[in-house]
Every structure is written in structure tokens, then in C-alpha cells.
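Welcome! Please take a moment with the sequence and the model below, and then we can walk through some strands and aromatic rings together.

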Amino acid sequence: MASPGEAAVKESHVEKKKTPPARYWQESQEEVKDENEADKSKNRAGEAAQHKKTQKAKKRKQEEHQRDGKKFISGKSDPFPGPAPVPEDRIQKFKRKDKMKKSRGQTYMLKDIISRTEEASEMSQKQAARVDLLLPEDSGFLEGDEEEDTCTISQQDIADAVDITSASKYFNLNLSQFGPYRVDYTKTGRHMLLGGRRGHVACIDWQSKQLMCEINVMESVNDVKWLHSETMYAVAQKKWLYIYDSNGIELHCIRKFNDVLRMQFLPYHFLLATASATGFLQYLDVSVGKEVAAICTRTGRLDVMCQNPHNAIIHLGHHNGTVTLWSPNQKEALVKMLCHQGGVRSVAVDKTGTYMVTSGMDKKLKVYDIRAFKPLKSYFLPSGASCLSLSQRGLLSAATGDIVQVYRDVWSTPVTKPYMAHRVRGAVWGLHFCPFEDVLGVGHGGGFTSMLVPGAGEPNFDGLDANPYRSVKQRQEWEVKALMEKIQPELISLDPTQLGQVDRATFEQRHQDRVQALGFDPLAKGKFIPKHKKKGRSSAGSVEKRKKQVAHEDQRDVIRKTVENKMAIEKERKERKKTTAALSNQKSALDRFKK
């Protein structure tokens with residue numbers, strides 16, 4: 001019997017005998033196998049590359065077919081190739097300008113720039129017409145039953161009939177201790193600013209009813225106004241003008257602006273316009289903190305003020321019944337209009353800059369067309385209107401004592417009765433429509449009232465200009481962009497379309513003065529002087545040849561102009577002949593006397 005240790009030794013010897021040493025021919029066979037496997041992997045890579053090439057070729061053919069207008073969807077041609085057509089009337093709605101005529105004297109670079117701008121304008125026009133379908137919201141108005149007057153419907157009835165979100169926009173703030181109040185909303189319509197006559201100032205996120213800050217300046221407040229965003233606002237206090245932030249911290253005290261009664265902020269110019277009790281109209285650039293202009297109007301106390309949103313012109317009302325229009329570029333009034341027989345109490349201008357509404361001590365409400373400076377309508381109010389405000393959709397609110405009345409279409413159709421009416425707890429001191437909301441803010445002696453006025457706000461807003469739902473980051477980016485695109489105050493004029501025109505009379509006068517000073521016309525076409533060329537190309541014959549070529553080109557231009565003038569004259573003569581023939585063929589009452 002063998003021991004277990006010897007058995008294990010024998011088994012290990014047997015295993016060693018079963019695995020003989022490798023030979024040279026075996027190594028060569030293994031190398032051949034490895035080479036065969038490498039060749040197979042190369043063949044597989046080549047097949048994959050070939051498959052990719054075929055796929056690319058198929059895709060290229062499909063794209064070529066798509067360029068030809070045959071789009072393939074799951075192997076079938078598209079029955080409606082190309083972009084969706086846009087109706088012509090919708091394109092005309094967003095038309096900006098007509099195509100420019102390319103003259104012969106323009107360079108190829110200028111022609112290329114003009115063609116590219118025209119293509120971009122057409123593309124934006126079509127895009128705006130297509131996106132117009134995505135703005136289905138329309139403003140709705142309050143409609144009563146048969147033989148029911150809408151002005152008899154109370155605010156509580158409207159709040160009970162609308163949804164919960166809209167009903168929460170009707171509320172009252174009982175602030176009888178520091179009133180009456182002036183009201184202002186931000187450009188986005190999200191934040192509200194209240195300024196009490198006795199020094200109470202509060203800014204509120206009125207939709208969420210969140211109080212941002214509340215202070216008492218311990219002196220009388222004449223007016224409050226938001227600046228470019230909801231982070232800063234201006235307060236016209238008893239003596240000087242103060243700037244505060246949204247936390248109620250005083251940022252600036254501007255002592256150059258004293259005894260300020262009314263303020264208006266120009267958002268695209270970053271200008272704060274102020275009217276003072278001393279008769280001065282001053283402009284403050286809030287982006288750099290610099291006074292742009294100080295104009296002495298010489299018309300006494302200025303307590304009636306508004307702005308034209310279309311051209312940034314300031315309208316001032318005076319005690320002698322006149323309304324004057326002002327720009328920071330001139331020391332004199334651009335326009336003076338006699339609007340009322342008594343003093344002017346309030347002025348308002350619509351957002352298009354077309355109509356102006358005024359109220360005076362003669363108890364009349366007048367509507368003017370600013371384009372022609374002519375009165376369109378005149379209405380008599382028994383007690384007159386102390387405050388006026390126009391909404392984005394053209395509704396007019398007028399305050400008479402403690403009653404607020406809202407009118408529709410005051411400039412298009414004769415108005416016999418108000419659209420809505422509401423009584424507040426005290427005499428009205430401030431009116432302001434909230435942008436993008438059917439809400440009218442009323443500041444009075446008993447505090448503040450937020451009224452529901454259906455059809456007052458613009459339903460579709462431009463998110464790049466004024467977005468009510470923007471975040472803090474979006475507001476910061478918008479502020480940087482607005483500062484970069486700030487319009488200079490020198491561009492404020494009565495007619496903004498004149499900025500793209502050339503004053504021919506002034507240019508000709510300057511040209512004549514320059515000719516007299518120099519003794520020759522610098523813009524006149526000089527005699528052609530050939531440029532000297534090298535390598536024998538400036539010989540006498542080649543120079544004369546170039547001179548003749550230029551002379552022939554000038555002669556061609558002259559001939560072309562004379563031919564065009566002759567053709568125009570001939571066309572006018574033929575049209576005149578046709579009109580005279582048509583008139584001669586018409587029978588008159590005197591033809592019966594002809595023999």
C-alpha cells in the first residue's frame with residue numbers, strides 16, 4: 001500500500017507528462033491563428049465603414065429630394081411641401097416699410113447690405129404673422145342684460161361673478177390717518193407705490209398682498225413715482241426730492257430739485273421729469289445722476305403734468321387754461337394750446353400719442369387730436385373732473401369728488417353715460433390704471449381702493465419689454481440691456497419720424513456757406529485725372545483711351561437721364577390726352593342746343 005503523500009507525488013508526475021513542451025511549429029500555428037483573427041476584425045471594420053458610407057449616401061439623396069420639394073415621411077412624399085402659407089392680410093398687418101430702390105451709383109457692398117436687411121425684414125414680418133396665432137387673448141368688456149345700465153353694477157357684484165383670482169384684485173385699504181394718497185404702478189404692473197399727503201410711503205406687491213417696505217418721511221409728500229424697476233422709487237417731499245430703494249433706505253437727497261409737485265418717468269430715456277411750484281421743469285438722468293435740463297416755463301405753479309408715451313414729450317397744464325408741450329432740448333414750449341376758459345385741472349395722453357384728454361375749471365372734458373392740435377369732442381360734467389387716467393385699451397377714468405367714473409370710446413363716438421361708476425370713502429387724489437390688468441387704482445382721503453374694470457388692460461404683453469412674471473435674474477439682465485439701449489435726450493422731438501430724414505434746406509444752406517468760404521465747390525465732380533500705372537501702361541495712347549472711356553460713360557449717364565425725362569413727359573401727355581378724350585365723350589346738358 002502506498003502512502004497518501006506518495007500518491008500525490010505520482011499524480012503530479014503524471015500531470016507533468018501530459019503537458020509536453022511547446023515546439024517551434026506550434027508557435028507558428030498560433031501566430032497564424034492570431035493573424036487570421038486580426039484579418040477578420042479588419043474585414044469587419046471595413047464592412048462597418050462601407051455601411052456608414054452607404055447610409056450617408058442615402059441620407060444625401062434624401063436631402064437632395066427634400067431640396068427639390070419632395071420630403072419623405074416614412075418613405076412617402078410630403079403632400080404639403082414647404083412652410084405653411086401665411087394669409088396676405090395678416091402679413092400686411094405687420095408690414096414695416098416698402099422695398100428700397102437700388103440706384104445705379106450704389107456700390108455692390110451697399111446693395112448687398114440693403115438686400116440682406118430687406119430679407120431679414122420679410123422674415124421677421126412672416127414670423128410675426130405666424131406668431132400672431134399664439135396671441136388669442138382678447139380684452140373683454142362688461143355687458144349688462146337687456147335695458148340694464150352697466151354703470152349701475154357694483155364692484156361687489158363683479159367680484160362675486162368673476163373667478164377667485166380676479167375677485168382678489170378688488171380690495172380696500174383703510175388708511176384714513178395719513179391720506180389722501182397718490183398711486184403709481186410699475187411698468188410690469190406687479191408692484192404698487194402709495195404716497196400719503198402726511199408722509200406715509202409704502203410699496204406693495206399688490207397681487208400677492210406682500211408689503212415690501214413702509215416708512216414715514218415725517219413731512220408732507222406731493223408725489224411718488226417708480227423709476228426704471230421695482231428696486232427704486234422717487235418721492236417728492238415738502239422741500240427736496242428723495243430717492244429710496246425697495247427696502248425703504250434713503251439713497252439720495254437731490255437738493256437741486258426743490259418744491260417738486262409732480263413727476264413723470266421716461267423709461268426708455270432713464271429721465272425723471274419734475275414740475276415744481278416755482279415754475280421750473282427739470283430733467284434728471286437717473287442712470288448717471290446728472291441734471292440734463294432745467295427750463296423756466298414762466299407760467300407759475302406747475303401742478304398738472306403728464307407724458308406722451310409715444311414721443312416722450314411732457315404736457316403741462318396751467319392756470320390760464322393753456323396746455324404746453326415741452327422737450328429737454330428747447331428752452332421754449334414746442335406747442336401752446338388754449339384748451340379751457342378756466343384753469344386746467346388734469347391732462348392725460350393715450351399710449352399711441354394720438355389723443356389728449358383735458359379737464360378744466362369750466363367743468364368741461366375735451367378730447368384733442370395731437371397730430372392736428374384740434375378738438376374732437378367736448379363733454380360737460382356737472383362737477384368737473386379733478387383727476388384723469390387712460391388705460392392701455394383706451395378707457396378713460398375721471399374722478400369727480402368721491403365718485404370715479406369710467407368711459408369708453410370717448411374720441412370715436414359721442415358718450416352720453418359712463419361705462420362704470422364707483423363711490424369711494426373720500427375725495428380722490430390719484431388715479432392710475434394697472435398695466436396688463438383690468439384694475440384701476442384709486443387713492444383717496446380714506447386710503448386706497450383697487451377697482452375691477454373689465455377691458456382696461458392689454459391682454460398680451462411683450463416679455464422682452466415688460467414681463468410681469470420675470471425673476472430676479474431676468475430683471476437684472478433686462479436692466480443691463482435697457483441701459484445699453486438707452487435713448488439720449490437729444491433725440492426727443494415732437495415728431496419721432498424726423499430722426500430718419502435729412503433736412504434738405506439746412507444742408508443746402510450749409511453747402512452754400514462752405515462754397516463761399518472756400519471759393520470752390522468741394523462736392524462738385526472734378527476733372528478726370530488718370531492714375532499713373534507702371535510697366536508701360538501709362539503711355540500717351542493708353543491714357544487717352546482711358547479718358548475717352550470715362551467721357552463715354554458720363555455721356556451715357558446724361559443720355560439715360562434725358563431719355564427717362566422724355567419718357568416721363570410722354571407718359572404724362574398720353575394720360576392727359578386720355579382724360580381730355582374721356583371728358584369730351586361725356587354728354588352735357590348744353591348738347592341739346594347743338595344743330
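In which sense do strand E13 (residues 271–276) and strand E14 (residues 280–285) pair, and over how many bridges? The two strands run antiparallel to each other and are joined over 5 bridges. Within this pairing, Leu271 stands opposite Asp285 in E14. Bear in mind as you read on that this is a predicted model.

Let us widen the view to the sheet. Its 4 strands follow the order E12-E13-E14-E15, and the sheet is open, with antiparallel pairing. At the edges are strand E12 (260–266) and strand E15 (290–296), each of which pairs on one side only. From one strand to the next, the twist averages 20°.

Now to the aromatic rings. A pair of such rings is described by the distance of the centres and the angle of the planes. The structure holds 9 aromatic pairs, and two of them are set out here.

| Pair | Centre to centre | Angle between planes | Geometry |
|---|---|---|---|
| Phe141 and Tyr419 | 6.1 Å | 75° | edge-to-face |
| Tyr233 and Tyr244 | 5.9 Å | 25° | stacked |

What does the pair of Phe141 and Tyr419 tie together? Phe141 belongs to the loop between helix H4 (108–131) and helix H5 (155–161), while Tyr419 belongs to the loop between strand E26 (403–407) and strand E27 (420–423), so the contact links parts that are 278 residues apart in sequence. Is each ring buried or exposed? Phe141 is partly exposed, at a relative accessible area of 31%, whereas Tyr419 is buried, at 5%. Phe141 has a charged partner too: the charged end of Arg408 sits over its ring, 3.8 Å from the centre.

The pair of Tyr233 and Tyr244 has planes at 25°, under the 30 degrees used as the limit for stacking, so it counts as stacked. Tyr233 is in strand E9 (residues 232–237) and Tyr244 is in strand E10 (residues 240–245), so this pair ties together parts that are 11 residues apart in sequence. Tyr233 is buried, with 0% relative accessibility, and Tyr244 is buried as well, with a relative accessible area of 6%. Both tyrosines belong to one aromatic cluster, formed by Trp226, Tyr233, Tyr242 and Tyr244.

One further charge is worth a look: the charged end of Arg470 sits over the ring of Trp478, at 4.8 Å from the ring centre.

Terms used
Residues numbered from 1 in each chain as written. Predicted model: local features only at pLDDT ≥ 70, side-chain atom pairs only at ≥ 80, totals over all residues. Heavy atoms only, no water. Phe/Tyr/Trp six-rings, centres within 6.5 Å; stacked < 30°, edge-to-face > 60°. Buried < 20%, exposed > 50% of the residue type's maximum accessible area, 1.4 Å probe, protein only. Lys NZ or Arg CZ within 6 Å of the ring centre and 35° of its normal. Pairing = 2+ DSSP bridges. Axes fitted to C-alpha atoms, helices over the stretch in contact; angles between N-to-C directions.
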